[in-house]
Amino acid sequence: MSYLLRLVLPDRPGALGAVATALGQAGIDIVSLSVVERGARGAVDDLVVELPPNGLADTVLTAACSVPGVSVESLRPYPAGGVGIRDDLDLVEALTARPDDALAVLTGFVGAVFHADWAVLLERVAPGDIRVVESSVGAPDLGGDELTSPKKVRPELLSLPLDRARGLGADSGWFPPRWSALGMELAVAPVGTPPGGSSELAVLVGRPGGPRFRASEVQRLAHLAGIAATIVRNRHASPAPT
């Protein structure tokens with residue numbers, strides 16, 4: 001069984017190595033490591049770890065917290081394997097390789113970059129009328145009217161257009177009770193204006209069970225969404241091949 005472990009590490013040489021040693025002594029393998037944030041007070045790292053057969057999640061917590069100054073922000077099951085896109089550069093390469101499908105690529109794979117479960121691309125077609133135009137695998141029903149196509153989203157969830165990327169929580173607007181029970185964490189970023197129209201687009205990413213989207217992750221999401229919007233805009237502006 002694999003888990004995503006988010007750690008807050010003290011600003012001290014060898015802290016991550018000590019965590020790796022503690023996990024190894026418990027029979028836990030580190031599959032991957034990514035740095036979320038680094039600052040004067042320390043670092044926030046995401047580790048994908050794999051337990052031995054019949055291993056318990058509590059073992060991960062016990063091992064990580066045995067290192068002085070280390071705290072666990074989140075621990076959640078994480079699917080093994082999956083798509084090859086795992087970081088920002090992978091996604092940018094996929095966007096540039098498929099410029100005609102850039103928005104679909106963004107929606108389909110941006111979740112993997114942020115260890116999230118799903119993403120949707122939303123479009124504002126009129127005031128109070130927001131619709132899902134692209135969805136990743138596993139994306140939930142956002143409370144829309146089943147009779148519309150694309151599906152209409154409850155306007156309480158999100159207002160478009162957006163002026164900036166941000167994290168969303170239960171206090172941001174409409175939030176289904178089941179999302180609260182799942183510990184759903186959301187981030188949203190503006191994608192831009194689609195060619196030939198004035199409707200605004202935004203990508204919404206959901207991470208059930210946390211951890212919360214930190215400021216650095218929200219900034220990265222905004223950057224990736226901006227790259228996708230630029231690719232679409234440039235593709236639309238380029239003359240058709242003769």
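**Figure 1. Asn54 in the loop between strand 3 and helix 2.** In this predicted model, Asn54 counts as exposed, at 80% relative accessibility. The cut-off for that term is a relative accessible area over 50%. Asn54 has a positive phi of about 65°, although Asn54 is not a glycine.

**Figure 2. His115 in the loop between helix 4 and strand 5.** His115 is buried, and its relative accessible area is 10%. A value under 20% is what the term buried requires. The phi of His115 is positive, about 50°, although this residue is not a glycine. The place of this positive phi is just after helix 4.

**Figure 3. Helix 4 and its buried residues.** Helix 4 has twelve residues, and the distance from its first C-alpha to its last is 16 Å. This is close to the 16 Å expected at 1.5 Å a residue. Nine of the twelve residues are buried, so helix 4 is largely enclosed by the rest of the structure. Toward the start of the list of buried residues stand Ala102, Leu103, Val105, Leu106 and Thr107. The list goes on with Val110, Gly111, Ala112 and Val113.

**Figure 4. The largest nonpolar core, with 30 residues.** The residues with the most contacts inside this core are Leu91, Leu106, Val110, Val191 and Val203. Helix 3 (88-97), helix 4 (102-113), strand 5 (118-126), strand 9 (185-192), strand 10 (201-207) and helix 6 (215-237) each give two or more residues to the core. Helix 6 supplies the largest share, eight residues. In soluble globular proteins, nonpolar side chains tend to be buried together.

**Figure 5. The contacts of Val110.** Leaving aside residues up to four places away in sequence, Val110 touches Leu91, Val105 and Ala119. Val203, Val205, Leu221 and Leu224 are also among the residues that Val110 touches. A second core, separate from the largest one, has 19 residues, including Val120, Leu142, Val153 and Val188.

**Figure 6. An open sheet of six strands.** The strands follow the order 7-6-5-10-9-8, and their pairing is antiparallel. Strand 7 (152-153) and strand 8 (166-168) are the edge strands, and each of them pairs on one side only. Strands of a sheet pair through backbone hydrogen bonds, either parallel or antiparallel. Between strand 9 and strand 10 the antiparallel pairing runs over seven bridges. Val188 has Leu204 of strand 10 as its bridge partner.

**Figure 7. The aromatic pair of Trp118 and Trp179.** The count of aromatic pairs in the model comes to two. In the pair shown here, the ring centres of Trp118 and Trp179 are 5.9 Å apart and the planes stand at 40°, so the pair is tilted. An angle under 30 degrees would count as stacked and one over 60 as edge-to-face. Trp118 is in strand 5 and Trp179 is in helix 5 (residues 177-182). With their positions 61 residues apart in sequence, the two link distant parts of the chain. Trp118 and Trp179 are both buried.

**Figure 8. Helix 1 (residues 15-25) and what covers its buried residues.** Ala15, Val19, Ala22 and Leu23 are the buried residues of helix 1. Seen down the helix axis, they fall within an arc of 95°, so they line one face of helix 1. The elements that cover them include strand 1, strand 2 (29-39), strand 3 (42-50) and helix 2 (57-65). Gly27 follows helix 1 and has a positive phi, near 80°.

**Figure 9. Val8 in strand 1 (residues 2-10).** Val8 is partly exposed, with a relative accessible area of 27%. Val8 and Val44 stand 36 residues apart in sequence, while their C-alpha atoms are 4.6 Å apart in space. Not counting residues up to four places away in sequence, Val8 touches Ala43, Val44, Gly69, Val70, Ser71, Glu73 and Arg214.

**Figure 10. A cis peptide bond from Gly210 to Pro211.** The omega of this bond is near 0°. Pro211 is in the loop between strand 10 and helix 6.

Conventions: Residues numbered from 1 in each chain as written. Predicted model: local features only at pLDDT ≥ 70, side-chain atom pairs only at ≥ 80, totals over all residues. Heavy atoms only, no water. Core = buried A, V, L, I, M, F, W, Y, C linked by side-chain atoms within 4.5 Å. Buried < 20%, exposed > 50% of the residue type's maximum accessible area, 1.4 Å probe, protein only. Helix = DSSP H or I, 4+ residues; strand = E, 2+ residues; numbered from the N terminus. Contact = heavy atoms within 4.5 Å. Expected span 1.5 Å × (residues − 1). Arc of directions from axis to C-beta. Pairing = 2+ DSSP bridges. Phe/Tyr/Trp six-rings, centres within 6.5 Å; stacked < 30°, edge-to-face > 60°.
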